[in-house]
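Got the viewer open? Let's take a quick walk through this one, stop by stop.

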Amino acid sequence: MFDHIELSKRMRRYIKDGRYQVAMTIMFGVFLTFLVLVLVMIVNDHFKKFILYENLQNSPLNAFLPFYMSNISKLNSNHRCFSSNHPRFNDSNTTYDLRFEWFSPKDIWHSMSDQELMWRASMVPHLIEYPFNRVPKVAFMFLTKGRLPLGPLWEMFFKGHEGLFTIYIHTSPEFGREPPESSVFYKRRIPSKEVQWGNITMIDAERRLLANALLDLLNERFVLLSETCIPLFNFTTIYNHLINSNHSFLNSFDDTRRIGRGRYNPRMSPAITLPYWRKGSQWFEASRKLAINIISDVTYYPIFRNHCMPPCYVDEHYFPTLVNIICPNLTSNRTVTWTDWSRGGSHPMTFNRNDVTEEFLERIRYGSNCTYNGEMSNVCFLFARKFHPSTLRPLLRIAPKLFGFNV
């Protein structure tokens, strides 16, 4: 009887000891699992940072990043920051300027695709005040097949106004000639693609110009020009006129004729209906806000790409219709580029050397009436086209005195 009781006690003791060992084993296993998970998370975090670093270094979106990761680490470790009073960061090898390396990149060539470019350019700062003394610039965007035959006139126009303008040139991809280093047009070509008159590639080129110009946060106004355009006033007059304007200058009107409403494609409905269909001049001027709205459009652009084909000319309808739908209050509903359509047809009149006189230019400069910031004005056009290369010599003779260029 005694042996039986002692055996029972021992058995209960063994069971209790066994449960304890099992419990300890489970707790150890849980602890070990937790430790492994923590180690995995640490390794994974470092791996992600390594991959992110590699991607940033190799990505075309890194085209305009002003600092490499090592320099950012140095900056953080020294507890230094940028402000309007301390815009520069120096190390033993390089001087970085926040404004000109990030806000206003000097090198405009990059390897971004159009999709990456539009995404990058659509970024908008949410803080209204800039962290430095921002002097707004005007972006002059030239859409051309190759060289600029009236370039010497523009060189004279820009002379002495460095820091108040930037230049962007979209050419045919095969055009690779560069002007002399002393030229304002030196290395101002952007990555370009083939453009065909009258189809969506024209809009692609214009959006490409806008997006590249938007990468410079100092650019406030954006003017689209061609190789046949000339300025009608000196730089200071045009700069002040654009910078101080309350509206952009993009022509948009309801043309009830066959060459207006007659080009509307019902397949554009319901996103675009006939009452919102507009026509206007291809040559526009836009504020920064309007430019961002234009390059950010992903709703109406595909509709025009698929349903606006000759005799619907997309360069005459896309921007006017888009602006009429999404932000009609941002534009004065007129263009600042004068063109002579009096002869009719699908192309405006081209002027030759014998057409260029002081009287002719003065009629263009002051021969119209319009509204500017709510008041009547006779300065309605700041640029004019189409001027043949043969007009360069008479223009160089007349313009300096008539326009008041710095010579």
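Start with the lining of the second largest pocket: by class, nine of its residues are nonpolar, five polar and eight charged. To find the spot, select Lys137, Gly163, Phe165, Thr166 and Arg188, which sit closest to the pocket's centre out of 22 lining residues. Bear in mind as you click around that this is a predicted model.

Now colour helix 3 (98-103) and strand 4 (165-170), since you'll want both in view: each supplies at least two residues of that lining. Strand 4 is the top contributor here, giving three residues. The space inside this second largest pocket comes to about 570 Å³.

Next stop, the largest pocket, with a volume of about 1,000 Å³. Select Trp197, Gln282, Trp283, Asp315 and Arg385; of the 42 residues lining this pocket, these are the closest to its centre. Then highlight helix 10 (314-326) and strand 8 (337-338), each of which puts at least two residues into the lining. Colour the lining by class and you should get twelve nonpolar, 18 polar and twelve charged residues.

Finally, zoom out to the whole chain. Switch to cartoon and you can count off twelve helices and eleven strands. Colour by burial, and 45% of the 407 residues come up as buried. Turn on the surface: the accessible area is about 22,800 Å², with 56% of that belonging to carbon and sulfur atoms. One last thing to try is drawing contacts between residues at least 6 apart in sequence; 77% of those link residues at least 24 apart.

Technical notes: Residues numbered from 1 in each chain as written. Predicted model: local features only at pLDDT ≥ 70, side-chain atom pairs only at ≥ 80, totals over all residues. Heavy atoms only, no water. Helix = DSSP H or I, 4+ residues; strand = E, 2+ residues; numbered from the N terminus. Buried < 20%, exposed > 50% of the residue type's maximum accessible area, 1.4 Å probe, protein only. Contact = heavy atoms within 4.5 Å. Areas by Shrake-Rupley, 256 points an atom, 1.4 Å probe, with all protein chains shown as cover. 1 Å grid on protein atoms, 1.4 Å probe; cavity = no way out; pocket = protein on both sides within 12 Å on 5 of 7 lines; lining within 4 Å. Points joined across faces, edges and corners; volume = space filled by probe spheres on them. Nonpolar A, V, L, I, M, F, W, Y, C, P; charged D, E, K, R; others polar.
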